[in-house]
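Hi,

Here is the model we talked about, with my notes underneath. Have a look at it before you read on.

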Amino acid sequence: MADLNELSEKLSAIKLEIEGELKGIENFKSAFEYRKTLMDSKTGKIGLLMREMGKIPGELRADYGKKVNEIRTWAQGEVDALEKKFKELEMQKRYESEKIDVTLPAKMRAIGKLHPNTQVRNQLVDIFGSMGFDIFEGNEIETDFYNFTALNIPKDHPARDMQDTFYLSPDFLLRTQTSSGQIHVMEAQKPPIKIISPGKVFRSDDDATHSPMFSQMEGLVVDKGITLCDLKGMLDLFVQKIFGEGVTTRLRPSYFPFTEPSVEVDVSCFQCHGAGCKLCKGTGWIEVLGAGVVNKKVLEDCGIDSDVYSGIAFGIGIERIAMLKYGINNIKLLFESDLRVLDQIDD
Ligand code: DAH
């Protein structure tokens, strides 16, 4: 029959064994598992002690039970401490590995910007808007009448050869010039008229400075007493705002069927200021647009009394202005959407 001493020795031996096993525990999961193993009522070192309590003779049971309880409380405390320790360590490790350095520079996002054509168009709209022009949106698909006939370019007129036209049918075409908008405006509105009309135009033309689709901005002013001087004044202001202070215009005689007289407008070279350079081909002047006094016949055909009213008109090539302003020598660069090129162009 076992006595208390013997039982105590057995308990001490078990405690030693547990102590050894606790030393081998290296993480939270093992500590958690070890507690289950230890307390298992069929196989666990402490579980078995509890289970076998019934076999202990009555007179020893109270003392023995006390000792067993002590070991159990001790072992649970040890496992608790290990679990706590490993939990903290593991949290610490996670904090370290998931640490974010908020002072590191952020990844830069590519920021979009307006296409140079759009930038120029917006500038033109702002400049002429500040002079009191309204915007008229014309049609890209036009009739032969609005694109040619009403602009004093009847069928078989040699001026039709100036613009190689994309015909959609004998009567419909892709407009070759925003000038077609002039007729729509004069038909719909009585003077005073003061409009600009930016938009796409189309011509069967393709080289370093021409593209089958490009953009123009038409201008039209009709009122009493409008003269070529008004045109020159407005255009001087426009070129100064676009190309810089001190730039002036010069008007050269030209020919357009819908204006009489017609002029070709040059700007003084904003690169060499008249000294002569590659941009102005040594002349000190750069051709920028066509303009003129609205042909009386065009006014009359639109129902405007040409004895009372007169008009001026101009047509600006937007790509041409963008190419000059940003030093672009091939119009294709404006259509290729190569961000390495477009990124460099900004005002
Ligand atoms: N429509 C002409 C062209 O595309 C440009 C032009 C010239 C427009 C004279 C005008 C003007 O309004 O008066 O070549």
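Below are the notes on the ligand site, the core and a few of the helices.

First, the small print: this is a predicted model, so local features need pLDDT of at least 70, side-chain atom pairs count only at pLDDT 80 or more, and totals for chains, interfaces and linings use all residues. Residues are numbered from 1 along each chain as its sequence is written, and side-chain values use heavy atoms, with hydrogens and water left out.

Now the ligand. There are 16 residues around it (a heavy atom within 4 Å), and those coming nearest are Gln-177, Ser-179, Arg-203, Gln-216 and Glu-218. As for polar contacts (N or O atom pairs within 3.5 Å), a polar side-chain atom of Glu-218 sits 2.6 Å from a ligand oxygen. The side chain of Gln-182 has an N or O atom 3.2 Å from an oxygen of the ligand, and a polar backbone atom of Ala-313 is also 3.2 Å from a ligand oxygen. On its own the ligand exposes 360 Å² (Shrake-Rupley, 1.4 Å probe), and the protein buries 92% of that.

Gln-182 belongs to helix H7, residues 180-188 (helices are DSSP runs of H or I, at least four residues; strands are E runs of at least two, both numbered from the N terminus). Of the 9 residues in H7, 7 are buried, so the helix is largely enclosed by the rest of the structure. Buried here means under 20% relative accessible area, exposed over 50%, and partly exposed in between, with a 1.4 Å probe and protein chains only. The buried residues of H7 pack against several elements, including strands E4 (193-202) and E5 (213-223) and helix H9 (296-301).

Next, the largest nonpolar core (buried Ala, Val, Leu, Ile, Met, Phe, Trp, Tyr and Cys joined through side-chain atoms within 4.5 Å). This core has 45 residues, and Phe-128 and Phe-314 are among those with the most contacts inside it. Helix H8 (228-243) is one of the elements giving two or more residues to the core, and its 7 residues are the largest share. Phe-314 touches (heavy atoms within 4.5 Å) Phe-128, Leu-235 and Leu-289, among others.

Lastly, Pro-105 lies in the loop between helix H4 (58-97) and H5. Pro-105 counts as exposed because its relative accessibility is 72%. Gln-92 is 13 residues from Pro-105 in sequence, and their C-alpha atoms are 26 Å apart.

Cheers

Terms used. A polar contact is a pair of N or O atoms within 3.5 Å; within protein, one must be able to donate a hydrogen and the other to accept it, and residues adjacent in sequence count only if both atoms are side-chain atoms. Lists of a residue's contacts leave out its neighbours within four places in sequence.
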